Amino acid sequence: MTRPQVPAVTVAAAANRSGTVAVRATDQGMPVEIRFERGEYRYGAPALAAEILRLTQRSAIVARSRRREQLAEVGVPEAMLDRLGLPTRQAAVDELDRLDNADTGQTSWLRNR
């Protein structure tokens, strides 16, 4: 039986709510594809750049979580994955939620625990 191969690069994608800006980035945070509709120019270059950076950060978080899962499948110990700083799926979800709250403010009067 052969072991599954771990890809050299793990990539994930993120898009804004309207789907007008999308970024694919590696687990190291390097964007490999950026797409946006022409209408995004109306908000100005600084706003577009900020949105691209935000989506790159989100993509990188998801890609790091995927990388952890790939390495775990081939037998890398959990302690090593932790030392590499690769988040678990739940940690990635929590970080994405934290970023959403920072971007838009708290969306509920209930306390997060």
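This passage describes the strands of a predicted model, their pairing and the helix that lies across them. Residues are numbered from 1 along each chain as its sequence is written, and side-chain values use heavy atoms, with hydrogens and water left out. Local features need pLDDT of at least 70 and side-chain atom pairs count only at pLDDT 80 or more, while totals for chains, interfaces and linings use all residues.

Three strands form an open sheet in the order E1-E2-E3, with antiparallel pairing. E1 and E3 are the edge strands, each pairing on one side only. Neighbouring strands are turned by 10° against each other on average, direction ignored. Axes here are lines fitted to C-alpha atoms, for helices over the stretch in contact, and angles run from 0 to 180 degrees between N-to-C directions. Helices (H or I, at least four residues) and strands (E, at least two) are DSSP runs, numbered from the N terminus. Two strands pair if DSSP finds at least two bridges between them.

E1 (residues 11-15) pairs with E2 over five bridges. Alanine 12 has alanine 25 as its bridge partner in E2. For alanine 15, the partner in E2 is alanine 22. Five residues separate the strands of this hairpin, and glycine 19 takes a positive phi near 75°.

E2 also pairs with E3 (residues 31-36), again over five bridges. Here alanine 22 has arginine 35 as its bridge partner in E3. This hairpin has four residues between its strands; glycine 29 takes a positive phi near 85°.

Strand E2 (residues 21-26) is mostly covered. Five of its six residues are buried (under 20% relative accessible area, 1.4 Å probe, protein chains only). Helix H1 (residues 45-73) lies across E1, E2 and E3. H1 runs at about 45° to E2. Contact means heavy atoms within 4.5 Å.

Definitions and conventions
Buried means under 20% relative accessible area, exposed over 50%, partly exposed in between (1.4 Å probe, protein chains only).
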